[in-house]
Amino acid sequence: MTVNPIERQQLVVRVDSAAMAEAYRHQPEPFEAEFAALACAHPEACTCAEDPDWASFIARQTALNNLWRQAAAFNAAHPVGSPVTAYPGARPEDVADATRIDTTTRSRATVLGGHTAVVWVNGHSACIALSHIDARPGGAA
């Protein structure tokens, strides 16, 4: 089957739009959990006397691995659509008039910028740290 150039251009635009829509929904890639498992699980066994930055590198990798484990544990216990209470900005223990959103998750948890385990929720435009998420009873919606 031969596709004329105009139809081919329209097909490319449709595929690019679908890819952009998927990226916009903040869905993690299927390989992220496998990639997270690559970090050194036993930093006490890793050393390099010639590299003075090695210890800080291993500490960063360990912290990143722990974040991915936290996200994986959240995903195992709370699939997309699970009911949660989200506190964007601050928890009520820290700020008396903290915003509270009773909502559901709209993505799997992931690690943002290598420093924070987060999840996106319905009704809020930004991701929220897992430390600011409380699961509610009821399972996946």
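The questions and answers below walk through a predicted model of one protein chain.

Me: In what order do the helices and strands of the chain run from the N terminus on?
Reply: The chain holds three helices and six strands. Read from the N terminus on, the elements follow the order α-α-α-β-β-β-β-β-β.

Me: What share of the residues in the chain counts as buried?
Reply: A residue is called buried when its relative accessible area is under 20%. The accessible surface of the chain comes to about 9400 Å², and 59% of that surface belongs to carbon and sulfur atoms. Counted over the 141 residues of the chain, the buried share is 28%.

Me: Which strands stand at the edges of the sheet that contains S1?
Reply: S1 (residues 83–86) is joined to S2 (residues 101–104) by four bridges, and these two strands run antiparallel. S1 also pairs with S6 (residues 133–135) in the antiparallel sense, here over three bridges. The three strands therefore form an open sheet in the order S2-S1-S6, with a twist that averages 35° from one strand to the next. Each edge strand pairs on one side only, and these edge strands are S2 and S6.

Me: Which residue in S6 is the bridge partner of valine 84?
Reply: On the S2 side, proline 83 stands opposite threonine 104, while valine 84 has threonine 103 as its bridge partner. On the S6 side, the bridge partner of valine 84 is alanine 135.

Me: Which residues of S1 point the other way from Pro83 and Thr85?
Reply: In a regular strand, side chains alternate between the two faces of the sheet. In S1, Pro83 and Thr85 point one way and are buried, and the residues that point the other way, also buried, are Val84 and Ala86.

Me: Is threonine 103 buried or exposed?
Reply: Threonine 103 is found in strand S2. Beyond residues up to four places away in sequence, threonine 103 touches Ser82, Pro83, Val84, Ala86, Val121, Asn122, Gly123 and Arg136. Because its relative accessible area is 9%, threonine 103 counts as buried.

Me: Is serine 125 buried or exposed?
Reply: Serine 125 has its place in the loop between S4 and S5. Leaving aside neighbours within four places in sequence, serine 125 is in contact with Arg106 and Trp120. Because its relative accessibility is 70%, serine 125 counts as exposed.

Me: Which element supplies the largest share of the largest nonpolar core?
Reply: In soluble globular proteins, nonpolar side chains tend to be buried together. The largest nonpolar core here has 15 residues, of which Phe74, Ala86, Ala109, Val119, Val121, Leu130 and Ile133 touch the most other members. Helix H3 (54–77), S1 and strand S4 (116–119) each supply at least two residues of this core. The largest share, four residues, comes from H3.

Me: Which residues does alanine 86 contact, leaving aside its neighbours within four places in sequence?
Reply: Alanine 86 is one of the core residues that touch the most other members, and Ala86 is also one of the buried residues of S1. With its neighbours within four places in sequence left aside, the contacts of alanine 86 are Thr99, Arg100, Ile101, Thr103, Val121, Ile128, His132 and Ile133.

Me: Which residues of H3 are buried?
Reply: H3 has 24 residues and reaches 35 Å from its first C-alpha to its last, which is close to the 34 Å expected at 1.5 Å a residue. An α-helix has 3.6 residues a turn, so residues three or four places apart point the same way. The buried residues of H3 are Ile58, Asn65, Leu67, Trp68, Ala71, Phe74 and Asn75.

Me: Why do S3 and S5 each have one side without a neighbour in the sheet?
Reply: Three strands form an open antiparallel sheet in the order S3-S4-S5. Strand S3 (110–112) and strand S5 (128–129) stand at the edges of this sheet, so one side of each is left without a neighbour because each has a single partner strand.

Me: What angle does the direction of H3 make with that of S3?
Reply: In the sheet S3-S4-S5, S4 and S5 run antiparallel and are joined by two bridges, and valine 118 stands opposite alanine 129 in S5. H3 packs on this sheet and touches S3 and S4, and the direction of H3 makes with that of S3 an angle of about 140°.

Key
Residues numbered from 1 in each chain as written. Predicted model: local features only at pLDDT ≥ 70, side-chain atom pairs only at ≥ 80, totals over all residues. Heavy atoms only, no water. Buried < 20%, exposed > 50% of the residue type's maximum accessible area, 1.4 Å probe, protein only. Core = buried A, V, L, I, M, F, W, Y, C linked by side-chain atoms within 4.5 Å. Contact = heavy atoms within 4.5 Å. Expected span 1.5 Å × (residues − 1). Axes fitted to C-alpha atoms, helices over the stretch in contact; angles between N-to-C directions. Areas by Shrake-Rupley, 256 points an atom, 1.4 Å probe, with all protein chains shown as cover.
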